[in-house]
Amino acid sequence: MKTVDPAEKLRIDKYIKDMWHFDPAIPSTDYQYVGQFTGNWIDKIKDLSFNDDSKFDYNRNKQTFADEKLPDDVVSFGNKDREKAVKWGYDNKTKYHQKWNDLPDWCSLMGKASGLKTPAMCINEQLPGSFLPWHVDLFYTYCEQTGREVKLEVMLKMRRYLVFMQDWKWGYYLQVGNNPITNWKAGQIITMPFGMYHLSVNAGTEVRHVMQINGLETEDSLHKFPAREIEINV
Ligand SMILES: [Fe+2]
């Protein structure tokens with residue numbers, strides 16, 4: 001497993017601390033609505049299956065992000081965020097699955113339609129009672145899967161789209177920066193800048209699925225254009 005240079009971690013950490021105001025009272029707009037995937041793919045969501053291989057491992061980055069030598073006030077990187085979450089009272093038993101492999105065909109069609117270079121898709125399954133507390137994404141798995149270094153320059157060229165896989169139901173809650181997000185429709189797509197803190201909750205009664213599309217930004221990437229509908233049929 002690759003390790004990340006501590007000096008690079010601190011550079012990324014400084015960037016994240018400087019890029020946002022960290023004040024819940026400021027009415028900032030911290031995410032972008034990108035558009036919506038329509039079409040018959042929605043009928044296929046029920047066929048998705050998750051197994052133990054796709055379980056979210058809370059300690060998966062422990063070696064790569066061995067942070068013992070980093071200052072305690074580092075805001076980024078898995079371990080520091082996770083240590084803080086445990087201190088805040090989270091029990092570390094969230095039921096959250098990530099499926100990167102054997103995804104249905106419509107996922108790659110969406111990846112292609114995203115306009116992102118080398119798109120890598122992942123479907124997140126969040127069970128009722130599960131929380132992903134306030135954290136920031138470092139695209140570590142994407143970097144690992146595509147052989148890229150975990151470096152600030154790479155992060156700043158990267159983009160993640162989140163695609164809601166089903167209509168919003170009671171208890172589904174996403175927050176990006178200062179913006180609560182609810183009442184979404186299946187296929188709607190959002191994105192946020194690198195380094196933006198966010199969280200995800202399922203306090204409802206049914207499992208919730210969201211797909212990530214990760215890739216490098218290009219001039220054709222969807223978020224560079226006004227939000228629009230894109231039909232995906234399989
Ligand atoms: Fe995240």
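Trainee: Where is asparagine 183 found?
Mentor: Keep in mind that this is a predicted model. Asparagine 183 has a phi near 60°, a positive value in a residue other than glycine. As for its place in the chain, asparagine 183 sits in the loop between β7 and β8.

Trainee: Is asparagine 183 buried or exposed?
Mentor: Count the C-beta atoms around it: a residue with 12 or fewer others within 10 Å is called exposed. Asparagine 183 has 10 other C-beta atoms within 10 Å, so it counts as exposed.

Trainee: Which strand holds threonine 118?
Mentor: Threonine 118 also has a positive phi without being a glycine, this time near 40°. With 12 other C-beta atoms within 10 Å, threonine 118 is exposed. Unlike a loop residue, though, threonine 118 belongs to a strand, and that strand is β3.

Trainee: Let's zoom out. How many strands are there in the protein?
Mentor: The protein has 234 residues, and 30% of them are buried. Besides its five helices, the protein has strands, and their number is 11.

Trainee: What share of the contacts with a separation of 6 or more is between residues 24 or more positions apart?
Mentor: Here's one pair to picture: histidine 135 and valine 176 are 41 residues apart in sequence, yet their C-alpha atoms are 9.9 Å apart in space. That pair is given by C-alpha distance, while the share you want counts contacts. For residues 24 or more positions apart, the share is 83%.

Trainee: Is histidine 135 buried, exposed or partly exposed?
Mentor: Histidine 135 is part of strand β4. To be buried it would need 20 or more other C-beta atoms within 10 Å, and to be exposed 12 or fewer. Histidine 135 has 19 such neighbours, so it counts as partly exposed.

Trainee: Which strands stand at the edges of the open sheet of four strands?
Mentor: Read along the order, β4-β9-β6-β7, where the pairing is antiparallel. Neighbouring strands here are turned by 15° against each other on average, direction ignored. An edge strand has a single partner, so one of its sides is left without a neighbour in the sheet, and that describes β4 and β7.

Trainee: Which residue in β7 stands opposite glutamine 175?
Mentor: Strand β6 covers residues 172–176, and three bridges join it to β7. The two strands run antiparallel. Opposite glutamine 175, in β7, stands proline 180.

Trainee: Which element gives the most to the largest nonpolar core?
Mentor: Nonpolar side chains tend to be buried together in soluble globular proteins. The largest such core here has 25 residues, and those with the most contacts inside it include Met110, Tyr161 and Ile189. Among the elements giving it two or more residues are β1, α3 and β10. The top contributor, with four residues, is β5.

Trainee: How many residues are in the second, separate core?
Mentor: Phe139, Tyr142, Val150 and Met158 are included in it. Those names are part of the set, and the full count is eight.

Trainee: Why are the buried residues of α3 on the same side of the helix?
Mentor: Those residues are Trp106, Cys107, Met110 and Gly111. Elements covering them include β1, β3, β5 and β10, while the face turned away carries the exposed Asp105 and Lys112. The buried ones share a side because, around the axis, they cover an arc of only 150°.

Trainee: Within what arc do the buried residues of α1 fall?
Mentor: Helix α1 has 13 residues and reaches 18 Å from its first C-alpha to its last, close to the 18 Å expected. Its buried residues are Lys9, Ile12, Asp13 and Ile16, and they pack against α5. Exposed Ala7 and Asp18 are on the face turned away. The buried ones line one face of the helix, since seen down the axis they fall within an arc of 105°.

Definitions and conventions: Residues numbered from 1 in each chain as written. Predicted model: local features only at pLDDT ≥ 70, side-chain atom pairs only at ≥ 80, totals over all residues. Arc of directions from axis to C-beta. Contact = placed C-beta atoms within 7 Å. Pairing = 2+ DSSP bridges. Axes fitted to C-alpha atoms, helices over the stretch in contact; angles between N-to-C directions. Core = buried A, V, L, I, M, F, W, Y, C linked by C-beta atoms within 7 Å. Expected span 1.5 Å × (residues − 1).
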